[in-house]
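This report describes one protein chain for a first-year student. Please look at the sequence and the 3D view before reading on.

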Amino acid sequence: MSESKLAGQFFDSAIGLLQRVRDEEAANITAAGEAIADTVESGGRLFTFGAGHSSLPAQDVVYRAGGLALMNLLAVPGVVGVDVMPATLGSALERVEGLAGAVLDTSPAQRGDLLVIISLSGRNALPVEMAMNARALGLTVIGLTSVAYTEGTKSRHASGTFLKDHCDIVLDSKIAVGDAELTCEGVDAPFAPASTVVTSALMQAAVAAAVERLAERGVEPPMLRSGNVDGGHEWNGRVMREYGDRIFYRR
């Protein structure tokens with residue numbers, strides 16, 4: 001059986017995007033790592049949020065072997081993943097104005113904490129208002145989005161603004177509008193999205209930058225180990241006891 005040309009093209013596209021964000025977003029990744037490290041060192045808590053498939057990179061850094069134990073998922077029922085029926089309900093909820101305020105008001109997030117908001121398009125009401133309200137509450141906000149959408153689409157929020165307009169730091173995934181890398185004769189729709197690959201890499205890079213900063217300052221970063229290596233459970237148990245007041249996914 002011959003090798004798939006399209007499969008190879010997808011890898012080439014994903015690798016190209018990863019190289020772009022590594023080179024073009026280096027300063028912003030460093031700034032994000034600095035902000036995360038500042039929050040950890042000052043006793044703050046870390047939260048991530050994403051709706052739909054943007055929730056996947058948000059979840060990828062929570063309770064993760066090799067990850068910061070203080071990363072908590074800010075979950076909004078109905079918009080995380082495709083676990084609701086119909087699945088289109090999640091997309092509809094992203095456009096509901098006022099929902100973000102209710103979520104933050106009932107969450108443990110408070111002044112001095114940090115929130116990473118992931119939204120590929122950054123155009124819907126939920127991520128826009130999540131950023132607006134989080135900053136009003138005194139949180140540091142990092143937005144992970146595709147800036148191309150601000151030029152190729154219109155905002156769906158009443159303000160006419162996008163997620164990137166309400167963030168302290170913006171990480172640009174460089175994903176093209178439509179999030180599909182490939183086309184093929186005989187197939188009417190483009191396909192092979194790369195946003196999850198690139199966005200997850202950006203999240204892990206920001207965490208790596210934060211760990212680097214903490215180590216440089218002589219601060220031991222609260223890292224989790226794999227439960228599938230000897231001593232992993234004991235290590236994680238110690239970390240969770242020590243930082244229990246800043247960890248919310250175990251309650």
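The UniProt record, an unreviewed entry, places the feature "domain: SIS" at residues 36-220. UniProt positions follow the numbering used here, feature names are shortened, and annotations may be inferred rather than shown by experiment. The model is predicted, so local features need pLDDT of at least 70 and side-chain atom pairs count only at pLDDT 80 or more, while totals for chains, interfaces and linings use all residues. Residues are numbered from 1 along each chain as its sequence is written, and side-chain values use heavy atoms, with hydrogens and water left out.

**The whole chain**

The chain has nine helices and seven strands. Its radius of gyration (taken over C-alpha atoms) is 19 Å, close to the 18 Å that the globule rule gives for 251 residues, so the chain is as compact as a globular protein of that length. The globule rule is 2.2 Å times the number of residues to the power 0.38. Along the principal axes, the C-alpha atoms fill a box of roughly 55 × 50 × 40 Å. Of the 251 residues, 47% count as buried; buried means under 20% relative accessible area, exposed over 50%, and partly exposed in between, with a 1.4 Å probe and protein chains only.

Helices (H or I, at least four residues) and strands (E, at least two) are DSSP runs, numbered from the N terminus. Over residues 36-220 the chain is 35% helix and 17% strand, and the end C-alpha atoms are 14 Å apart.

**The sheet**

Five strands form an open sheet in the order 2-1-3-4-5, with parallel pairing. Its edge strands, strand 2 (71-73) and strand 5 (169-172), each pair on one side only. Two strands pair if DSSP finds at least two bridges between them. Strand 3 (residues 114-118) and strand 4 (residues 140-145) pair in the parallel sense over five bridges. Within this pairing, Leu115 has Val141 in strand 4 as its bridge partner.

Helix 6 (residues 125-136) lies across strand 1 (46-50), strand 3 and strand 4, and runs at about 165 degrees to strand 3. Axes here are lines fitted to C-alpha atoms, for helices over the stretch in contact (heavy atoms within 4.5 Å), and angles run from 0 to 180 degrees between N-to-C directions.

**The hairpin and helix 8**

Strand 6 (residues 182-184) and strand 7 run antiparallel and are joined by two bridges. Leu182 stands opposite Phe191 in strand 7. The two strands form a hairpin with two residues between them.

The loop between strand 7 (187-191) and helix 8 holds Ala192. Helix 8 (residues 195-216) has 22 residues and reaches 31 Å from its first C-alpha to its last, close to the 32 Å expected at 1.5 Å a residue. The expected span is 1.5 Å times one less than the number of residues. Among the buried residues of helix 8 are Val198, Leu202, Met203 and Leu214.

**Positive phi values**

Most residues other than glycine have a negative phi. The table lists residues with a positive one.

| Residue | Place | Phi |
|---|---|---|
| Tyr63 | loop between helix 3 (55-60) and strand 2 | near 50 degrees |
| Gly186 | turn of the hairpin | about 95 degrees |
| Ala192 | loop between strand 7 and helix 8 | near 70 degrees |
| Gly218 | follows helix 8 | near 80 degrees |

Are Tyr63 and Ala192 buried or exposed? Tyr63 is exposed, with a relative accessible area of 52%, whereas Ala192 is buried, with a relative accessible area of 16%.
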